[in-house]
Amino acid sequence: QQVVYDFSPSFQASQARSPHRRRAMLVPVPGSQHTFGVLLVAEFFRRAGWEVWGEPSASAVQLAHEVRSDWYDVIGFSLGAEVHVSRVASVILALRKASMNPGVVVMIGGPVVALRPELVALVGADVTATSATQAVSLAEQMVPGRERSC
């Protein structure tokens, strides 16, 4: 994880800052310790020009505050264990209700989803991806250069 943190600024050095960049919140399910995969996915989004917010230890209350305070085009969760399935469903519902963006796209991924793709519908998400590259591609298809309302 430290290597990713150390090299992250190099990936972002050429990215121009714009108030209309697409924004993604990428986090593990609150209470989960499955953080490395979501860290890597965040770097892929940054390299593609997205602004990314992620706090690995954020609670559901903190996440709701964040989506109520700032615009996000995509919210992505990583599920590392079956035990977090019901938790992510309730968090997704709460974040959809709290979000400034009524059309926010919710993505889920991780080892549990790879084994059980039907979880996308079960937890109230919109889509899943099998790789970081596919996650970025799907997000860009679902949020095609949209300028956000400020």
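# Why these words fit this structure

Biologist: P28 lies in strand β1, and since I am looking at a predicted model, I would like to take the descriptions one at a time; why is P28 called buried?

Modeller: The relative accessible area of P28 is 3%, and the word buried applies under 20%, so P28 is called buried. Leaving out residues up to four places away in sequence, P28 touches H34, T35, V38, P56, F77 and S78. The C-alpha atoms of P28 and L79 are 6.6 Å apart in space, although 51 residues separate the two in sequence.

Biologist: What makes P111, which is found in helix α5, buried, partly exposed or exposed?

Modeller: Its relative accessible area is 40%, and since partly exposed covers the range between under 20% and over 50%, P111 is therefore partly exposed. Its contacts, again without residues up to four places away in sequence, are H34, L79 and G80. From C-alpha to C-alpha, P111 and T130 are 9.2 Å apart, with their positions 19 residues apart in sequence.

Biologist: How do you know which of these words fits V120, whose place is in helix α6, and which fits G124, in the loop between α6 and β5?

Modeller: For V120 the value is 12%, and 12% falls under the 20% limit, so V120 is buried. For G124 the value is 30%, which is neither under 20% nor over 50%, so G124 is partly exposed. Beyond four places in sequence, V120 touches I108, V113, A125, D126, V127 and T128, whereas G124 touches I92 and R96. In sequence V120 is 13 residues from M107, and their C-alpha atoms are 8.0 Å apart; G124 is 31 residues from L93, at a C-alpha distance of 7.2 Å.

Biologist: Turning to the helices, why is α3 called roughly parallel to α4?

Modeller: The axes of helix α3, residues 60-69, and helix α4, residues 85-98, come within 9 Å and cross at roughly 25 degrees. An angle under 35 degrees counts as roughly parallel, and therefore α3 is roughly parallel to α4. The crossing of the two is right-handed. On the α3 side the meeting residues are A60, L63, A64, V67 and R68, and on the α4 side R87, V91, L95 and A98. Sorted by class, this contact holds seven nonpolar, no polar and two charged residues.

Biologist: What makes the word for α2 and α7 parallel, perpendicular or oblique?

Modeller: Helix α2, residues 36-47, and helix α7, residues 132-142, pack at about 50 degrees, and their axes are 9 Å apart. That angle is not under 35 degrees and does not reach the range from 65 to 115, so α2 is oblique to α7. Here too the crossing is right-handed. V41, F44 and F45 in α2 meet A132, T133, A135, V136 and A139 in α7, and this contact has seven nonpolar residues, one polar residue and no charged residues.

Biologist: Which residues touch the most other members of the largest nonpolar core, and what makes such a set a core?

Modeller: A set of this kind consists of buried residues of certain nonpolar types, joined through side-chain atoms within 4.5 Å. The largest has 26 residues, and L63, F77, L79, I92, L95 and I108 touch the most other members. Elements that each supply at least two of its residues are β1, α3, β3, α4, β4, α5 and α6, and the largest share, six residues, comes from α4. There is also a second, separate core of 17 residues, which includes A24, L26, F45 and W50. In soluble globular proteins, nonpolar side chains tend to be buried together.

Biologist: Which residues does L79 contact, leaving aside those within four places in sequence?

Modeller: L79 is in contact with V29, H34, V85, V88, I108, G109, G110, P111, V112 and V113.

Biologist: How many helices and strands does the whole protein have, and what percentage of its 150 residues is buried?

Modeller: There are seven helices and five strands, following the pattern α-β-α-β-α-β-α-β-α-α-β-α along the sequence. Buried residues make up 45% of the 150. Among contacts with a separation of 6 or more, 75% join residues 24 or more positions apart.

Technical notes. Residues numbered from 1 in each chain as written. Predicted model: local features only at pLDDT ≥ 70, side-chain atom pairs only at ≥ 80, totals over all residues. Heavy atoms only, no water. Axes fitted to C-alpha atoms, helices over the stretch in contact; angles between N-to-C directions. Helix = DSSP H or I, 4+ residues; strand = E, 2+ residues; numbered from the N terminus. Parallel < 35°, antiparallel > 145°, perpendicular 65-115°, else oblique. Left-handed = near helix turned anticlockwise from the far one by under 90°. Contact = heavy atoms within 4.5 Å. Nonpolar A, V, L, I, M, F, W, Y, C, P; charged D, E, K, R; others polar. Buried < 20%, exposed > 50% of the residue type's maximum accessible area, 1.4 Å probe, protein only.
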